[in-house]
Amino acid sequence: MITFPQIQIQQQYAKIGIDADHAVVEQRQPKPTYEMKYVKPVLHMEQPLGDLSVDQTKAWGAYGRDGALASSNRIYDQLQGVYLQNLARKVEQGNRLADIPAATSAIAENAKELFLTFPELNYHGAASYDNVDIRYTPRMPVIEATDGRVEVNVRVNPPELTFHRGKLDIYIMKHASVEITPPLIDMRL
């Protein structure tokens, strides 16, 4: 039997080495800074005084102290009635004097009445609980209000980023190789 020589081939693959460090990103986010200012509301109130008027003219008139003009007017208003009363009294006195049989002491009585009887003149006004007139006019309050508020100033701080580059080294750990081994050939045959 004849054997044929064989060629032996050995192949070795290449090996690639990779040395990689990842990139590092550091991130820091500062908080926003803000300022807050509170403005208080302002309230201003003012209450003007009301108007108060007191009229005591009738009360002083009830005491007879409301002035000469008012007293004179009051007496003048009564004079017609006083005149009629005095006229009636004079007529009565004249009738007594005319009645001669009964007029024994008519002259003495008339003289006595002349000094003891005075006309009834009312120089003061009527007394009443309602003699003082009081009037009050209220005034509305003046109110001014200024709104309060909150003032906020915000400043957003940007993020702080720090970047460390990574590395990537690719290298050949083992080169590829092919080894061919020829057969031994015996040439002596």
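This report describes the overall make-up of a predicted model, and then its salt bridges and one loop with its surroundings.

**Overall make-up**

The chain holds 3 helices and 12 strands, and of its 189 residues 8% are buried. Its accessible surface amounts to about 17,500 Å², with carbon and sulfur atoms contributing 59% of that area. When contacts with a separation of 6 or more are considered, 92% of them join residues that lie 24 or more positions apart. The salt bridges and loop contacts described below give individual examples of how parts of the chain meet.

**Salt bridges**

Across the whole structure, a search finds 6 salt bridges, and three of them are set out here, among them the pair of Lys 167 and Asp 21.

| Salt bridge | N to O distance |
|---|---|
| Lys 167 and Asp 21 | 3.9 Å |
| Glu 160 and Arg 28 | 2.6 Å |
| Arg 149 and Glu 151 | 3.1 Å |

Lys 167 forms a salt bridge with Asp 21, with 3.9 Å between the closest N and O atoms. This pair links distant parts of the chain, since Lys 167 belongs to strand S11 (residues 167–174) and Asp 21 to strand S2 (residues 15–21), with their positions 146 residues apart in sequence. The 3.9 Å distance of this pair falls inside the 4 Å limit applied to salt bridges. Lys 167 is partly exposed at a relative accessible area of 37%, and Asp 21 is likewise partly exposed, at 42%. The two residues also belong to a network of salt bridges in which Asp 19 takes part.

In the pair of Glu 160 and Arg 28, the closest N and O atoms are 2.6 Å apart. Here too the partners come from distant parts of the chain, Glu 160 lying in strand S10 and Arg 28 in strand S3 (residues 24–28), 132 residues apart. Glu 160 counts as partly exposed, because its relative accessibility is 40% and the partly exposed class runs between 20% and 50%.

The third pair joins the side chains of Arg 149 and Glu 151, at 3.1 Å from N to O. Arg 149 has a relative accessibility of 45% and therefore counts as partly exposed, as does Glu 151 with its value of 31%.

**The loop between S9 and S10**

Strand S9 (149–155) and strand S10 (160–164) are joined by a loop in which Pro 159 is found, and Asn 157 has its place in that loop as well. Asn 157 is buried, because its relative accessible area of 16% is under the 20% limit, whereas Pro 159 is partly exposed at 43%.

Leaving aside residues up to four places away in sequence, Asn 157 touches Gln 29, Pro 30, Lys 31, Pro 32 and Thr 33. With Lys 31 there is a polar approach as well, in which a polar atom of the Asn 157 side chain lies 2.7 Å from the backbone oxygen of Lys 31.

On the same basis, Pro 159 touches Gln 27, Arg 28, Gln 29 and Pro 30. The C-alpha atoms of Pro 159 and Gln 29 are 4.5 Å apart in space, although 130 residues separate the two in sequence. Gln 29 and Pro 30 thus appear among the contacts of Asn 157 and also among those of Pro 159, while Arg 28, touched by Pro 159, is the salt-bridge partner of Glu 160.

Notes. Residues numbered from 1 in each chain as written. Predicted model: local features only at pLDDT ≥ 70, side-chain atom pairs only at ≥ 80, totals over all residues. Heavy atoms only, no water. Helix = DSSP H or I, 4+ residues; strand = E, 2+ residues; numbered from the N terminus. Buried < 20%, exposed > 50% of the residue type's maximum accessible area, 1.4 Å probe, protein only. Contact = heavy atoms within 4.5 Å. Areas by Shrake-Rupley, 256 points an atom, 1.4 Å probe, with all protein chains shown as cover. Polar contact = N/O pair within 3.5 Å; in protein donor to acceptor, adjacent residues only side chain to side chain.
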